[in-house]
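Student: Got a minute to go through this one with me? I'd like to start with how the helices cross.
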Amino acid sequence: MRSTTRTLLATGLVLGIAAGPAAPPALAAALSPAASARSAHAAPDTAPDPAPDPATRAALEAAIADLPTDDATAALVRVGGTDGTWRGGSGVHDLTTNRPADPAARFRAGSVTKVFTAAVALQLAAEGTLGLDRTAHSYLPELIPAAYRKVTVRQLLNHTHGIPAPDFPGDTVEEAYANRFRTYEPEDMVRSATAKKPEFAPGKKQHYLNIGYTIAGLLIERVTGDSYEHQVAARVLDPLGLRDTCFPGTSPRIEGPHNHGYQVMTLDDGTTGLRDVSVWRATDAWAAGDIISTTADLERFTQALFAGEVVRGPLLEEMFTLPQVADFTSGKRAAYSVGLSMKKLGGREVWGKTGGRWGYNAAIASTRNGSRTLVYSVNSTDAKGQDTNKVALDIMVAAFGEP
């Protein structure tokens with residue numbers, strides 16, 4: 001399916017926490033005292049009872065207080081579940097007007113997209129349309145070469161496929177910014193990745209990469225004869241009433257209300273500072289990371305998913321089953337299942353997914369029984385950096401407890 005068709009359809013549909021280190025001192029000039037003084041401090045709206053315990057509420061308020069800072073310009077948080085409900089927001093809509101952050105803002109949810117992709121793939125598996133133990137090559141023989149003929153659909157979804165990442169132009173954030181309007185075809189990204197040697201034999205290790213979900217999106221299109229975006233809308237967005245969740249296609253803009261995203265980088269004059277990166281084409285991520293949503297929509301999706309309303313029956317357990325292999329880079333036990341990841345926080349298992357696009361970090365998370373759910377959007381100033389964003393980490397720990 002050509003990109004033009006994919007774009008028209010998408011437009012019509014109108015837990016490691018990856019973020020960045022503290023910005024350099026030069027960033028302080030962008031985050032002026034005036035901006036800080038006019039920021040919207042944590043102010044949970046009226047929420048239905050029961051509310052979380054006072055210590056949890058205080059920790060959540062503290063986690064997003066006093067924005068903007070060097071780490072983030074805004075944050076939106078929703079905590080739900082039987083343990084209590086809380087809503088909070090802080091920061092600014094943008095650093096030009098310094099208006100308070102919009103609590104209903106849309107944002108780029110990054111790799112949270114993978115949960116939607118996995119859910120649709122599992123629905124198709126339940127219907128017998130897509131076989132988890134069948135090879136990707138059997139569905140896409142013209143695209144998946146012989147070197148990867150044994151990679152199964154399940155291995156694509158739980159990151160044990162061994163296919164390396166495709167090549168993208170540039171290695172720095174400045175080079176990425178220069179290419180922000182470039183359009184990437186998923187088929188071309190698959191060809192770039194599979195032209196390389198496998199990182200490991202299928203099923204032997206785990207390496208978290210986008211490419212498995214790029215192929216999964218193409219598989220969804222192949223077996224349904226429909227666009228990936230329309231399948232997600234028909235199977236998940238529409239049934240759940242997620243009216244503020246959409247796929248941007250080739251549009252670089254976030255349509256509708258949104259808080260601006262910023263990235264610290266080298267500016268044109270050679271200084272280091274913040275650049276507004278709200279307008280950025282996300283075709284490099286596609287079925288692995290291009291969805292746009294709100295905290296309200298993602299909370300509804302998370303609660304429905306964990307309640308078995310999205311993926312029904314035994315196949316839901318695929319999302320809560322970690323492969324018994326080691327991580328390719330760290331050697332630690334695999335942490336990613338089909339669509340989700342797991343981390344122990346506060347002495348209990350928390351399942352969810354984080355995501356990062358330039359200017360935006362997001363996450364969904366929940367205990368297995370849904371007693372506590374969390375959704376956040378953090379306008380991080382280094383959303384794709386290697387270190388943990390302080391605001392995002394503080395939110396996660398406030399909601400669930402220490403690792």
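Tutor: Sure, handedness first: a crossing is left-handed if the near helix is turned anticlockwise from the far one by less than a right angle, and right-handed if clockwise. Keep in mind that this is a predicted model.

Student: OK, so which hand is the crossing of H5 and H10?
Tutor: H5 and H10 cross in the left-handed sense. Helix H5 covers residues 113-126 and helix H10 residues 211-224, and they pack at an angle of about 40° with their axes 10 Å apart.

Student: Which residues in H5 and H10 meet there?
Tutor: From H5 you have Lys 114, Thr 117, Ala 118, Val 120, Ala 121 and Leu 124. They meet Tyr 213, Ala 216, Gly 217, Ile 220, Val 223 and Thr 224 of H10.

Student: Switching to the sheet. What's the strand order?
Tutor: The order is S2-S1-S12-S11-S10-S9, an open sheet of 6 strands with antiparallel pairing. At the edges sit S2 and S9 (341-345), each pairing on one side only. From one strand to the next, the twist averages 20°.

Student: And what packs on the sheet?
Tutor: Helix H12 (residues 295-306) does, touching S1, S2, S10, S11 and S12. Its direction makes about 145° with that of S12.

Student: Is strand S2 mostly buried or exposed?
Tutor: Buried: 6 of the 6 residues of S2 (residues 86-91) are, so the strand is largely enclosed by the rest of the structure.

Student: How many bridges join S1 to S2?
Tutor: There are 6, with S1 (residues 72-80) and S2 running antiparallel. One pair to look at is Ala 74 with its bridge partner Gly 91 in S2. The hairpin has 5 residues between the two strands, and Gly 81 takes a positive phi near 105° there.

Student: What about S1 and S12?
Tutor: S1 and S12 (residues 373-380) are antiparallel too, paired over 7 bridges. Ala 75 stands opposite Val 378 in S12.

Student: Back to helices. Which residues of H9 are buried?
Tutor: In H9 (residues 186-194), the buried ones are Pro 186, Glu 187, Met 189, Val 190, Ala 193 and Thr 194. These cover an arc of only 160° around the axis, so they lie on the same side of H9.

Student: Last one: what does the pLDDT say?
Tutor: The chain averages 90, and 88% of the residues score at least 70. Over residues 4-30 the pLDDT is below 50, and that stretch has 74 contacts in the model beyond near neighbours in sequence. Residues 32-48 are also below 50, with 33 such contacts.

Note on methods
Residues are numbered from 1 along each chain as its sequence is written. This is a predicted model: local features need pLDDT of at least 70, side-chain atom pairs count only at pLDDT 80 or more; totals for chains, interfaces and linings use all residues. Side-chain values use heavy atoms; hydrogens and water are left out. Buried means under 20% relative accessible area, exposed over 50%, partly exposed in between (1.4 Å probe, protein chains only). Helices (H or I, at least four residues) and strands (E, at least two) are DSSP runs, numbered from the N terminus. Two strands pair if DSSP finds at least two bridges between them. The arc is that of the directions from the helix axis to the C-beta atoms. pLDDT is the predictor's confidence in each residue, from 0 to 100. Contact means heavy atoms within 4.5 Å. Axes are lines fitted to C-alpha atoms, for helices over the stretch in contact, and angles run from 0 to 180 degrees between N-to-C directions.
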